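The following note sets out several points for discussion. Each point takes up one part of the model and may be read alongside the structure.

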Amino acid sequence: MLSLISKIKNIGSKDFFTLILLLLFITDIVTILNVPGFREILPAIYFTIVPGLLIIILMNLNEMDFVKKFVFWIGLSLSLIILLGLVLNSLYPLISQPLSLLPLLASFNLLIVSLAFIAYSRNQKEFEIQRVFNFSVEKKDKYISPMLFALVFPFLTFFGTYLMNITNNNSILMLMLFLIPIYFIVLIGLRDKISNSTYPFAILMISLSFFLMHGLTSNYIIGRDNHWEFFCFQYTMLNLHWDASIFSNTLNNCLSINILPTIYSVLTSIKGVYVYKVVFGFIGSIIPLIVYLISKKLLGNKYAVFAAFLVMFQMNFMELLSLIRQEFALIFLFLAILTLFDTDLGKINRKILFTFFMISVILSHYSTAFVGLGMTVPILLIPFFKHLFLEKKFKLINFDVLAVLGFFSYIWYFVIAKAQAHTATKVIAKSSGSVANETAKAAVNKTFENTIPSVYGMGIDSIPKLISVIVNDAIFLTIGIGLIATILGFIAVFLEFDTLEKYKKNILFKFVKQFNKYKDNRLFKFVKGFKKYKVNIPLEFVLGAILSTALLALFILIPYFSNAYGASRIFLTCLVFLAPMFVIGGNVIANIIKKPKIDIFVLVILIVALFTVSIHFNYYLSGIPSSPYFDENSNARIETYVYDQDILGAKFLSLYGDQGLIKVHGDEVTGFRLMAANNFTIENRTFIHWNNSLGLTKVPTYRYHQYLYLSYHNTQQNIIFELTAPTFITNSTHNNTLIKEWESRIYDNGGSRVLIP
């Protein structure tokens, strides 16, 4: 065994170059011959890693830390897959099915062979396997078992969700969720006795466990928006061609939910639903790892783990597979920000990678792109303003990047994805006060009444909710304290007389010189006390944190923004800048109470408390069903969980219903069941359009060619959703007078039913 490992370590450049091409050939063979097992796994791994690996070698960046290389490999490969798919798709109708297997395989082979030969000719030495896989695990005086124990969590998740789906037994899931905070505390307690490799591996495994917990719940898509995402994907998959005009909505123009899953499904033969639920779960698990890498450079390895766990323990992160477009947009945006602040990459490489990733954000999700550009464009302008105001020099620094992003954004939003530009314009118009209709006003009011006041402790109707508010407000407060401390640290450094010596003719120098006369003043000394919090944190990052805070405030001050995007979603995005501020805030709190050595303890308490409320333990222990994962009777699970009987009933309608004037009636979540089952022929694609799914609020006067569809939660759990959880209204199906108007049962499988008048 040791001799085999030694031989692998000694694989030279030429051999590894040959191995990459040989693996490509094997991948082609198992794909074309559809070899069971290998067809599903090998293309997924190869095309998710190798293109990015070759780009890193080509850019001569092999010397960077392995974990950082790993996330870059995946991010760059995903970007290439989307861009290559877009280029191929543009060949329609020259190629009638541009996203079919042969065009995809031919294109990927051409791309990888070209990248491999160019990279090998430029940086032959970088193909040495030890330089490519330059990871190491410290063994001397270090524990390895804590790192290996992390492997337990994905396995517990897999068996736990299976058991919960089949028998409603949540014991294994509860064990997994109970062990995670204990494991986190053990990691922190053993921080001086474990290998540095333990943190990133543990982060990756726990992150994967959360994604699998969501993805493996039910055999079908679970959530809300992801049903619409899957709807758009199905049409692309059916035609093996993405049509930007077929649906005039913003989702169809997000390539992360149609072109990307189509390519994965075609190459691997994995059903689209499992690409969404499982494959994308594995990929998305790198998100907190990217935050860890960003924070590690700013805070060090000891504290960076807290920033990563702060992201992982957000409820919105655990449910991210319900928003596939945001998942991939966050991967690309966080990688762009990692690139922006990694000076080791070199100026040119940073510009190329940042531009590459930001273009991928734009293609993946419109809202995250707008937020990301709002965060990063001012940061890119800082060097320009520095030279302009401090040195009186006009240097167009970073304007090349801004020009490329500006031009691409214009082409995408105003030429190709016009629906996204229209939606953004409408949101801005309504946010400015011109809310045009009562429905929009009601949505805004609902957001304000149900979300905003709870931040301030208003409208709390239960002890578990009070606990959630207290914990989340404590997190917000800690972040705020950290940000203020960092800003004061910058002011303290700025007031250092020597730092501005080279700007003697500048007005800022004169101001500081004058201010230094009062350096014995109490306020001056107070500010100077925060100087230590500036260490390793660049001005640009602080600006990003300030902009993130401003964006969060905007979502509170202008409720329509919160209704259109969601305050929790924007908070998750902003954590790329705010998570390090949380760690600094914990340190400041410890210093305020004059016990600086307990900063780790403060952070641990806050992180564990956050996990408790995010996973709904506070509700569970109070006997209130709340979790969609381990609470059989929670409204969140009843609303989103799709049963086999639901699909069979919906398929019956899709296949045998009169497609001429068909109208399907049902409760608020009926459309999700119908979408999950749709066979998606062109003729009946409007069959499940949201405008055609009517509620149970009134009996239709014209009922020919109309059906009433009752799903599992209607017939077996006696619940009707008039709104979606958590602001839901339930009625008993037995007492609903409207259902009695539908007299003839034409289909019943013991779970779902189809009735006619």
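Is D225 buried, partly exposed or exposed? D225 has a relative accessibility of 26% and therefore counts as partly exposed, since burial would require a value under 20%. The model under discussion is a predicted one.

1. Overall composition. The protein chain comprises 35 helices and 7 strands. Of its 757 residues, 55% are buried. Among contacts between residues at least 6 apart in sequence, 75% join residues that lie at least 24 apart.

2. D225 and its surroundings. D225 belongs to helix α11. Its side chain forms a polar contact of 2.9 Å with the side chain of R325. The two residues are separated by 100 residues in sequence, and their C-alpha atoms are 9.6 Å apart. Apart from residues up to four places away in sequence, D225 touches L251, S322, L323, R325 and R569.

3. Helix α11 as a whole. Helix α11 covers residues 225–239 and has 15 residues. From first C-alpha to last, α11 reaches 22 Å, which is close to the 21 Å expected at 1.5 Å a residue. Because 11 of the 15 residues are buried, α11 is largely enclosed by the rest of the structure. The buried set consists of N226, H227, W228, E229, F230, F231, C232, F233, Q234, Y235 and T236. Just after the helix, L240 adopts a positive phi of about 50°.

4. Helix α2. This helix covers residues 13–32, a run of 20 residues. Its span from first C-alpha to last is 29 Å, close to the expected 28 Å. The buried residues of α2 are S13, F16, F17, I20, L24, T27, D28, V30 and T31. They pack against α3 (38–58), α5 (101–122), α6 (129–132) and α12. After α2 comes N34, with a positive phi near 55°.

5. The packing of α4 against α12. Two packed helices are described by the angle between their axes and the distance between the axes. The axes of α4 (residues 66–89) and α12 (residues 259–268) come within 9 Å and cross at roughly 95°. The two helices are therefore roughly perpendicular to each other. On the α4 side, the contact involves L78, I81, I82, G85, L86 and N89; these meet I259, L260, I263 and Y264 in α12. The contact residues divide into 8 nonpolar and 2 polar, with no charged residue.

6. I290. Which residues does I290 touch, not counting those up to four places away in sequence? They are V71, I331, F334, L335 and L338. I290 is found in helix α14 (residues 287–299) and is buried, with a relative accessible area of 0%. F334 is 44 residues away from I290 along the chain, and the C-alpha atoms of the two are separated by 6.5 Å.

7. D646. This residue lies in helix α33 (residues 644–656). It has 0% relative accessibility and so counts as buried. A polar atom of the D646 side chain lies 2.7 Å from the backbone nitrogen of Y712. Leaving aside neighbours within four places in sequence, the residues in contact with D646 are Y641, R673, Y709, S711, Y712 and S752. D646 may usefully be examined together with Y712, given this backbone contact.

8. Backbone features in loops. Three loop positions merit inspection. The peptide bond from Y92 to P93 is cis, with omega near 5°, and P93 is found in the loop between α4 and α5. N60, in the loop between α3 and α4, has a positive phi of about 60° although it is not a glycine. H616, in the loop between α30 (599–614) and α31 (617–621), likewise has a positive phi, near 75°, in a residue other than glycine.

9. Accessibility of N60 and H616. Are N60 and H616 buried, partly exposed or exposed? N60 has 46% relative accessibility and so counts as partly exposed. H616, by contrast, is buried, with a relative accessible area of 13%.

Methods: Residues are numbered from 1 along each chain as its sequence is written. This is a predicted model: local features need pLDDT of at least 70, side-chain atom pairs count only at pLDDT 80 or more; totals for chains, interfaces and linings use all residues. Side-chain values use heavy atoms; hydrogens and water are left out. Axes are lines fitted to C-alpha atoms, for helices over the stretch in contact, and angles run from 0 to 180 degrees between N-to-C directions. Helices (H or I, at least four residues) and strands (E, at least two) are DSSP runs, numbered from the N terminus. Angles under 35 degrees count as roughly parallel, over 145 as roughly antiparallel, 65 to 115 as roughly perpendicular and the rest as oblique. Contact means heavy atoms within 4.5 Å. Ala, Val, Leu, Ile, Met, Phe, Trp, Tyr, Cys and Pro count as nonpolar, Asp, Glu, Lys and Arg as charged, and the others, Gly among them, as polar. The expected span of a helix is 1.5 Å times one less than its number of residues. Buried means under 20% relative accessible area, exposed over 50%, partly exposed in between (1.4 Å probe, protein chains only). A polar contact is a pair of N or O atoms within 3.5 Å; within protein, one must be able to donate a hydrogen and the other to accept it, and residues adjacent in sequence count only if both atoms are side-chain atoms.
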